[in-house]
Amino acid sequence: MTAAIRFSDLTLGYDRHPAVHHLDGDVESGSLLAICGPNGAGKSTLLKAIAGSLAPLSGSVALPHVKTRDIAYLPQAAEIDKSFPINVFDVVAMGLWSRCGLFGAVARRELARVHDAISAVGLDGFEDRAIGALSGGQLQRMLFARLLLQDAAVILLDEPFTAIDSKTTADLLALVARWSSEKRTVLAVLHDFDIVREHFPQTLLLAREKIAWGKTADVLTPQNLLRARSMIEAFDRDAQACSRAA
Ligand SMILES: Nc1ncnc2c1ncn2[C@@H]1O[C@H](COP(=O)(O)OP(=O)(O)OP(=O)(O)O)[C@@H](O)[C@H]1O
């Protein structure tokens, strides 16, 4: 197997308070991996480290065959500033930044690609709409259009279907399936186990450390889920350092 992402004794945290402890393992290139776990388990923290926006406290996360520009990251909806005065077209066009530069003009030939991406997520006619005037589902469709244009080898999705209706979820899951068929590596933080069981062959169950990682049916067992919950409930918020030896 070729590893797209390699975790080596990875410990992550904020102000030296660990949030993810001693994670080891490889994410296989082209795999479709769900990251599950209770609130506060460290799932978003892990995606941020893979995206390169959070440096490890110790250990490493490596993407041996992937350039930084080849990672696309969809943050949680709560992290998007909807008051920013920008329209749908311009947000989606930002998906081209690795080719045009962040503030570069979109070349004429690229305009069609932006329109195609907007169309692919069902937002035809919304090009000039300010993002503050989009519904939650429309906003998520727009962000998926941007991901489409990024054309990345590794795609990180943080709770992509939270508060999204079933039709929009189904449409966006079809895009995830398309990315997977194109052999891209897709990691998604998800709370809906029905979606995970149906659409994600592999799962990492996290509760500040790895509880289980492998085939989804083997990971999402009542025993593992109970263990994950009790790990989070037992967590000492004031702990300065990891209690396990590195
Ligand atoms: N910027 C930050 N500064 C300090 N602590 C943080 C920060 N972000 C997250 N944390 C803490 O790190 C721990 C893991 O948070 P994280 O957001 O990764 O969890 P999660 O599994 O994604 O949770 P949820 O399901 O609630 O989104 C939590 O205890 C959280 O309070």
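1. In this predicted model, the centres of domain 1 and domain 2, taken over C-alpha atoms, are separated by 28 Å. Domain 1 is assembled from three stretches of the chain, 1-66, 154-161 and 185-238, while domain 2 is assigned to residues 76-152.

2. Where the two domains meet, six residues of domain 1 are in contact with four residues of domain 2. On the side of domain 1 that touches domain 2, the largest share, three residues, is supplied by strand S6, which covers residues 154-158. By class, that side of domain 1 consists of three nonpolar, one polar and two charged residues.

3. Around the ligand, the residues are Tyr14, Ala19, Gly37, Asn39, Gly40, Ala41, Gly42, Lys43, Ser44 and Thr45. Helix H1, spanning residues 43-51, gives the largest share of this shell, namely three residues. Sorted by class, the shell holds six polar residues, three nonpolar residues and one charged residue.

4. A separate remark concerns Asp171, which lies in helix H6, the helix formed by residues 166-181. Asp171 counts as partly exposed because 18 other C-beta atoms lie within 10 Å, whereas 20 or more would be needed for a residue to be called buried and 12 or fewer for it to be called exposed.

5. Asp171 can also be placed relative to Arg141, for the two residues are 30 positions apart in sequence, and their C-alpha atoms are 8.8 Å apart in space.

Note on methods
Residues numbered from 1 in each chain as written. Predicted model: local features only at pLDDT ≥ 70, side-chain atom pairs only at ≥ 80, totals over all residues. Near = placed C-beta within 6 Å. Helix = DSSP H or I, 4+ residues; strand = E, 2+ residues; numbered from the N terminus. Nonpolar A, V, L, I, M, F, W, Y, C, P; charged D, E, K, R; others polar. Domains from an automatic or database assignment. Contact = placed C-beta atoms within 7 Å.
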